[in-house]
Amino acid sequence: MITGTGIVKTFKQRGNVLDKREVRALRGVDFSIPKGGAASFIGESGCGKTTLGRIIAGLETHDEGEIVIDDVAMSSLKPKARQPYFRRIQMIHQDPYSALNPTRTIFQTLQAPLRLRARQTGRDGKWIDERASEVLSLVGLDPGSVLGRYPHQLSGGMRQRVVIARALTVDPEMLVADEAVSMIDVSLRLGILALLKDLRERLGVAVLFITHDVATARYIGDDGDLYVIYRGQVIEHGKVDTVISDPVHPYTQSLLSAIPVLHGLEQPGTQPVVPLSGLDESLSDGGCLFARRCPFHTERCTSELPALGRSEGVPQEHACFYPERRDVVARPMSGV
Amino acid sequence: MSELILETSTASMRRNFWRGVWRVMKRKPSRMAGVVILLGFTVMAVIGPLFYPENLPYDPNAKYAPISWEHWFGTDGQGKDVWAQLVIGSRYVLLSALVTGVITVVVGAGLGLFSGFKRGRWDTVLMRLTDMKLTIPGLPLLLVLSTVWSFGSAIEMGLVLGLLGWGGVARAVRSQTLSLRERGFIEAARGLGLSTTHIVGKELLPTMAPYIAMNMLVAVTGAVYAQVGLFFLGVLPYEADNWGVMLNLAVFGGGAMTTTAALPYLLAPLLAILLLTLGIVLVVDAMDEIFNPRLREE
Amino acid sequence: STDNKPAATGGAAAAAAVYTTVDGNKPGIDPAGPANPFAPKGNSFSGYNAMKLAWVKNHLTDPNQFYPGIAESWEIATDNSSVTIKLQPNNKWSDGSPVTAEDVKLSIAIAYTQGNTAFTQVPGAAGSASEVTVVDDKTIKVTQDMANPVTTFARGVLDTPVVPAKLWSSVVGADIWDKIKAARTEGADAEAARTYLTELGKKIIAHNPGQDLSAGPYVLERVNASAALLKKNPHFYNAANVAPEKVQLLNFTGNEQVWNYLIQGKLDSSPFVAVPADTMTKIKATAGNQVIKGYSPVVVGLAFNQSKAPYDNVHVRRGLAYLINREEVTQIASPEGGTAAVTTSGIHQKAAAEWLGAELGNLEPFATDVAKAEEEFKAAGLKKSGDKWTLADGKPWKVSMHAPAGFSDWVAAQENIKNQLIKAGVDAEVVTTADFPLYQTEMAEGKYDTGFWLIGLGPAPYNIFQRIYGAANGWANIGGKVTHNAPGKNGNWMGSKEEVEVEGLGKVNPGELTAKLNAVSPEEQKALMLQLAKTANADLPVIQLWDYVNTQFQNTTRFTGFPADDSDLLRLPHGVWIQLGLVKAKS
Amino acid sequence: MSKQAPGVRIDGLTVTYNNLPAVRNVSLELPPGTITGIVGESGSGKSTLALSLLNAVQPPGRIAAGSVEIDEIGNVVEFAAEQIRRVRGSQIGYVFQAAQNSLNPLKTVGKQLLDLGRSHGVEDLRGLVRDAKDLLGRMGLDGARVLDSHQHELSGGMRQRVGIMLALVLNAHLVVLDEPTTALDMITQSTILKIIREVHEERGLTTLVITHDIGVVAEVADRLAVMYGGRLVEQGPTREVLASPQHPYTRGLIRAIPRLTGDIDEAQALPGRPPTLATVPAEGCVFRERCPLRMDVCDTVDPAAEAYGTRIVACHAVKVKEHA
Amino acid sequence: MTVVLKKLAGHLARGLVMILVVATISFFIVRNIPGDPMKAALEMKVAAGADPVAAAQEVKVIYGFQPTGSMWSQYVDYLAGLATFDLGTSTLHAGQPVTEVLTESAKWTVLPVLLGILMSFLVGVILGVYAALRRSSKLGDILAISGSLLHGVPQYVLGLLLAAIFATSLGWFPSEGGVADILIEPGFTPEYIGTLIRHAALPVLTYALASYGGWVLAMKSSVVTVLGDDFILASELRGMKRSIIFRYVARNAILPLFTILALSLGLLFAGAVFIERIFNYPGLGLKLIDSVTNRDYALMSGAFLLITVAIVVANILADLLYTVIDPRVRQ
Ligand SMILES: Nc1ncnc2c1ncn2[C@@H]1O[C@H](COP(=O)(O)OP(=O)(O)OP(=O)(O)O)[C@@H](O)[C@H]1O
Ligand SMILES: Nc1ncnc2c1ncn2[C@@H]1O[C@H](COP(=O)(O)OP(=O)(O)OP(=O)(O)O)[C@@H](O)[C@H]1O
Ligand SMILES: [Mg+2]
Ligand SMILES: [Mg+2]
Ligand code: NI
């Protein structure tokens, strides 16, 4: 179980002493992922998904807020002591090629963390070999033909599987998959998604799925949570299916409206939401971050910041003063 | 599992690294020549001096003798064989180059790795230092230093040159480290809790080895030239059978720039340096292509 | 290239009118330097646009011989107690104003701040002037302080550069003579006065008179980083006999530049520079070039540090002297610039013949003789194991010779000696220091076993032997009092015994003998010189290797009338040849 | 608008890199005034095919066989260098795959526009600028500001629109867009797609859109062609192809698309992986390694593209079904 | 423009620190140099025939220009002097301020170095473009290899070879060094300029040759990189004229070379030591050697500092130039 409250992260861009620039990547994010559970973060490019994922995986520090892993508040621990906790949360990178060391064979890649593990638990070299084969089998690869290979001798899909296998060597409690399929050929994407889902079901590994493609979020399982992030803030949060079929925040709605419709198979929603302008990075003063692009914004939106919360008749949390259901999602055409 | 079906053909397509090296070498015979030249110099330095007595025979009646079968590059102002001096001198040059190389790599790569890996404050401080070091002109500094230290031996010489020459390597290694850090596999290794020793020793260094080697070669070349140059200027204590001293004596003692008698004496070390440079250039050219896909022509 | 033919600018007549040479005293012309004879990089060139009272001949044995300069004549009292100087009656500065005794007096005042044996701030220093009197406009008298006189007093007086009072009195100040007087006493006031003079000395060196006011044959026209161009001074007393209209003094930063000039036939004359043999052949082949040789009062020797074993043993030194073939050393290191020393007496060969006469032949010549060397080594207790000599206790012995790296003739000589010694079974090495300053320091600190050392610096007899039996060997001569420092103390790095047993002379204290040379009559000097030469020859604190030869170049295509072989003029700036009217344009 | 949307007929086109075919025997017709979409996975030869339309295949690639016949222009494959240069830009607009970097970073957009005008001998440069501003305005941008900007001052979506403007400003009526929305986020992508559609209709263009994302084609294209391993395996009207894919690859591909609605378990990945230039089989069907309908004949005979009504499919199995 | 100013301020601050550090280093190194210059100068005078006693006094006056006092007070004085561009007083040029000596010699380094670099830059860049366009041809290969060779060969080897060929053997240029023929009246006349040129020709040629290789290589690789950039293909696909595309390539490719230009300027200043020694050209390098062999402490630190300052300034200039011409950095 991992929860985060009020996570804030600001990047100070290094430059001249005379001109400093700040990027507010996260502005107080709350989340909670149960053991063996699933969650997805979706949002536009640059909204802070990766940053949050990295913070959760312990690869990045945050400025404010608290991360609690298995009831232990990370802020109460020294950085060294946090390591074992964060080791149980493994990150799966977007680019499977750069995630593997080109000079090391797959076996060497798996061996290093396994050896560490063997030393900690007093197991021998044979165990390492066995375990290496085992994790490869778990991700659907044939150990015999893969172990001796170098990364460049594998296809993108296989590489991504190896990356997942490597994460499994430390028996993680959670995998953080950051756009784990966006670099993989269309025809193979589903395979990886299915693998993650499968691992979740068989091994009870929680999965945190980071993507800009809303549809893929569905593949981690219908009990999963969906967090829609806009400019470092969660603006809608609920069960995946609820949010996708009944979004209430205009931003979520515009995201869903933007998904191309497979004309001929689907028919578009009747109330598509189109934002007023492109993403603007300027800081709004106090108001809703989306207000300037929101077709439905009012006076109030530009002066007051809506907090994430619930409102009557809406099952999911949202950060909008005027939650309203709109028909934005494409539906399969009947008869096909 | 069906993904594996095409494996064999892929594997055969992928050339293994050394075969790639061989291919790059083979494509231009000049590159082979480069390797041969460098090997030649190494052999010359390692076993060449063994063929000559500790003190070369001299002949006061054959000063600045012309080129002959007996004296391939004539004789010097003492009537000693120039070729023999060249061979003996190569040991000093290459030994100091070796020491320089080792130090540049150890210090340069060490600092570069540390700096790129730690980032943050350490990085800033170290890189400011490196920048500074790179800004201070090496040769004038050496000139000034030569008055404080006497570079007694090749090893001492290499030591000083190495300590002055690590800047370039450090910077190169740092930027490489920084870019590798961005690569997922380093971050993954950290996430898996692997030790820093493992990350640096097993993940970073092997990936950068060729890159470091190339930078080292460049640094070493510069050091060799600085060293010979200092002797040539005559600001360092005299060393018998030293290339730079030969240049110095040929020009300022033998009048090689005025008359022809001492010309072979001047040309011998000049040609040796030229050839050494050529060898290094050709090898670096090959390295360039092996490690820089951009230059890898079709 | 037009540089090779200066004629390009003004036809044949102009070419003959420009005399081209280099100034050996001032290599590295600095166009930014002032026309100040005291500034080391200034644009005053001795003998051309900078004048001295007279030009010291550096005669073989008599230091008090001169050619006229600002002074037309001089009268030296027989007891050296005073010099009366008569100035050239018709000499004028280049602006037409006459050169007067006041100019000279001011120049003497300046000399007190710049260093001169006769005009020194050091109270009680040997051979210093006690009074300077302007007799009349063209006559000036300088009196020696007879409390501690030296025979070379007149030399010090006449070697004084003369500058115009017009441009210099402002720097010097009116109270200068009071300060000088005060400085030559003892006490706090004297100390202050000396400090004042020292500071004034710096001001004078830094002084830029703004214009070149010359009493010499030439005056500065312009200067750049390559050369200085001087034009004739029509007011010079001997202007009628000064042939070249202009003089071009070429800059040089390395000897190889002079070689190139010479090969191109560009130089009408050139002072001494070392020249490699093959280059010499080429220089000689250039039309009109002549090689002239003369005496140069410098000798180089291999000096021992006798506080280090085994060099404390005279037999070791003698053995080495028998082993080293000086002919070969000279042949390798300085074939044109030196002649191998016929014996090792501490005196230059040429001067030695004058000083010692027939006795010279009685000194041990130390001709190369391996058998004698072995005898000496055995006498010293050295051992020969195999074909290698070792120390008495069987430990290895390596003769370590030191030289500064830039002195290529010294290094070449030591390399050759090394080769010779190794051939004879004595291990040897050459160690160089980066440069001369370091060499001097380390040598003085006694760090070296052996090293090269200049000796026989004539013509003054005291100067000749103080190189061997002076401060470097422990004898200090302060105000005529001689004391001896222990080896390793106060710069005594040679470490000879204070008293030496010499065959036929008995016990000698060479340091005391040397100090006496300063004050005694010429006859007595001769006797002392013989004793010292015998001591040096028997005790061998230094193995004399070669006597320097003053090898110069002249080109007779444009000018004639140059001094010939062995002329004492060869030791003077070439401007002196011209001002004396020797050099004639070729018609 | 005097000009008419041209039709394009690609016939038997084969393009090789170092003698390995990246596009093999492709025949495709772009009817005048339509938007045709080509989908295919990375390395399937889409960009190569697109570049062939401008006879701009980069060395070491070369067009080994076939023709590209464009109405009123001719067979561009046979054009000489200067001849084809004049056609590019003025008659055929090309929106570059990495539109993000398709501008000279050192020059403002306006200056590059003028360069473009000069290259094509446009005399009325003022008019050109006016046209450009118009076009940009129609795509929702402030024309004056954009022309005054450098590439780095524009966002990805803006750059892509600038790319489209540069392709159209000289009044080209055939436009090729190579991956016009890759690297853009969903919302921007949807905007760009809308613009493409609008501009296409307004100006009466013949448009070719290349993408790896079936959704994009489904959104804009009238006709859809599917490439695999350098071959066109299926083509036809978009809706029809999507609704009833014939080629087993098309079928697999459509099934592998994550969808927002419906039963997620229906979606399935294609087994195996797409071939690369080096691993494309020299003979037989390129898809056979991953094909559920593989037959013996697939190993030896490359199936020819055959028309079935409005569709053209290259598959032995489809043929069998037809005959059965 | 404010970006440029801000950058300038940052650079200046860093440059000042740099200069301070170098000044400190050189001060302490120089003050710790062993060896007694006075003794050496005395020996030289004595060997030249001067009276030992008089010479000793003379030397004492000249070396009176050396600073006295404790190391620390000297250091403080030195820094205080620096602030007013006072680098102390030379002993080799006794009495002359070091700044004066340096300005005189600096002009003989700066002009040839600049000239040499500009020449080689022009030629090198053009040939570099050629080498990149023809990179698979024999000629391109030869250009690249010869470029590397010239780039790799130490300057003194080039200098010695040039001197041996053009001055000694062929006699086309003066071999004796110097800057001009004194007999020719200085002024803006063809004769005077001619003599300046003939004296500077070989040093300039050496600077040019020594840096030429670097330009060829850098330009080649830069052009290859730019050629691979997408916007070049894009321009081609828009039917841009070859000449315009060529200009695009050239401008983009030459940009990174400005940084190298600055660095190489600095390096050449350092390399002047060799070239000036070989051609006896009276610039900074020669002055530095002179000051080292004569233990002219003030001049030595001064020359060293000046060379460093030249490098620092060149770096700053390069960066500013870059800021001005590259719109991406200006942002
Ligand atoms: N190391 C960093 N230094 C400075 N700014 C950063 C850093 N990492 C991220 N940012 C900034 O923080 C913001 C959020 O970045 P993040 O990578 O988390 O976005 P994202 O949602 O993952 O976007 P994408 O979909 O493009 O991956 C961005 O504006 C980004 O520029
Ligand atoms: N310059 C080239 N040299 C060699 N092979 C090339 C070159 N350009 C493309 N190829 C190869 O040709 C094949 C087709 O490439 P192409 O760029 O047309 O594919 P694509 O379908 O556009 O892929 P993507 O979706 O990645 O853009 C690929 O296998 C590629 O590796
Ligand atoms: Mg991200
Ligand atoms: Mg493509
Ligand atoms: Ni996508």
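This is a short tutorial dialogue on reading chain contacts, ligand shells, a sheet and some backbone details in a predicted model.

Student: Where should I start with the chains? Which pair of chains has the most contacts?

Tutor: Start by listing who touches whom. Here 8 pairs of chains touch, and the pair with the most contacts is C and E.

Student: And how far apart are the nearest C-alpha atoms of chains C and D, which do not touch?

Tutor: For chains C and D that distance is 46 Å. Chains A and C have no contact either, and their closest C-alpha atoms lie 43 Å apart.

Student: Now the ligands. Which residues surround ligand 1?

Tutor: A good habit is to list the shell, then look at polar atom pairs, and then ask how much area is covered. The shell of ligand 1 includes A:Phe11, A:Val23 and A:Ala25, the run A:Glu44, A:Ser45, A:Gly46, A:Cys47, A:Gly48, A:Lys49, A:Thr50 and A:Thr51, and also A:Glu179. By class, that makes 4 nonpolar, 5 polar and 3 charged residues.

Student: Which side chains place an N or O atom beside an oxygen atom of ligand 1?

Tutor: Among them are three from chain A. The side chain of A:Thr51 has a polar atom 2.4 Å from a ligand oxygen. For A:Ser45 the side-chain N or O atom is 2.6 Å from an oxygen of ligand 1, and for A:Lys49 the polar side-chain atom is at 2.8 Å. On its own, ligand 1 has 630 Å² of accessible area, and the protein covers 64% of this.

Student: Which secondary-structure elements give two or more residues to that shell?

Tutor: Strand S2 (21-33) and helix H1 (49-56) of chain A do. Helix H1 of chain A supplies the largest share, with 3 residues.

Student: Can we read ligand 2 in the same way? How many residues surround it?

Tutor: Ligand 2 has 14 residues around it, and the closest are D:Ser42, D:Gly43, D:Lys46, D:Ser47 and D:Thr48. The classes come to 4 nonpolar, 7 polar and 3 charged residues. Helix H1 (residues 46-52) of chain D gives the largest share of this shell, 3 residues.

Student: Which atoms of D:Ser44 and D:Thr48 face the ligand oxygens, backbone or side chain?

Tutor: In D:Thr48 a side-chain N or O atom sits 2.4 Å from an oxygen of ligand 2, whereas D:Ser44 uses a backbone N or O atom, at 3.3 Å. The side chain of D:Glu179 also has an N or O atom 3.4 Å from a ligand oxygen. Alone, ligand 2 exposes 630 Å², and the protein buries 68% of that.

Student: How do I read a sheet? What is the strand order in the 8-stranded sheet of chain D?

Tutor: Walk across it from one edge to the other. This open sheet runs S6-S7-S8-S3-S9-S10-S12-S11, with mixed pairing. Strand S6 (92-95) and strand S11 (306-308) of chain D each have a single partner, so each has one side without a neighbour in the sheet. From one strand to the next, the twist averages 20 degrees.

Student: How do strands S3 and S9 of chain D run, parallel or antiparallel?

Tutor: Strand S3 (residues 35-40) and strand S9 (residues 223-228) of chain D are parallel and joined by 5 bridges. In one of the pairs, D:Gly37 has D:Leu224 in S9 as its bridge partner. Helix H10 (residues 248-255) of chain D packs on the sheet, where H10 touches S9 and strand S10 (231-237); the directions of H10 and S9 make about 100 degrees.

Student: What about a hairpin? How many bridges join S1 and S2 of chain D?

Tutor: There are 7 bridges between strand S1 (residues 8-17) and strand S2 (residues 20-30) of chain D, and the strands run antiparallel. D:Tyr17 stands opposite D:Leu20 in S2.

Student: Which backbone angles deserve a second look?

Tutor: Most residues other than glycine have a negative phi, and most peptide bonds are trans. In that hairpin, with 2 residues between the strands, D:Asn18 has a positive phi near 50 degrees. D:Asn25 has a phi near 45 degrees and lies in strand S2 of chain D.

Student: And where are cis peptide bonds found?

Tutor: One of them runs from C:Ala309 to C:Pro310, with omega near 0 degrees; C:Pro310 is in the loop between strand S14 (289-304) and helix H9 (314-323) of chain C. Another joins D:Pro59 to D:Pro60, with omega near 5 degrees. D:Pro60 lies in the loop between H1 and strand S4 (61-70) of chain D.

Definitions and conventions
Residues are numbered from 1 along each chain as its sequence is written. Chains are lettered from A and ligands numbered from 1 in the order in which they are written. This is a predicted model: local features need pLDDT of at least 70, side-chain atom pairs count only at pLDDT 80 or more; totals for chains, interfaces and linings use all residues. Side-chain values use heavy atoms; hydrogens and water are left out. Contact means heavy atoms within 4.5 Å. A residue is near a molecule or strand if one of its heavy atoms lies within 4 Å of it. A polar contact is a pair of N or O atoms within 3.5 Å; within protein, one must be able to donate a hydrogen and the other to accept it, and residues adjacent in sequence count only if both atoms are side-chain atoms. Accessible areas come from the Shrake-Rupley method with a 1.4 Å probe; for residues, only the protein chains shown count as cover. Helices (H or I, at least four residues) and strands (E, at least two) are DSSP runs, numbered from the N terminus. Ala, Val, Leu, Ile, Met, Phe, Trp, Tyr, Cys and Pro count as nonpolar, Asp, Glu, Lys and Arg as charged, and the others, Gly among them, as polar. Two strands pair if DSSP finds at least two bridges between them. Axes are lines fitted to C-alpha atoms, for helices over the stretch in contact, and angles run from 0 to 180 degrees between N-to-C directions.
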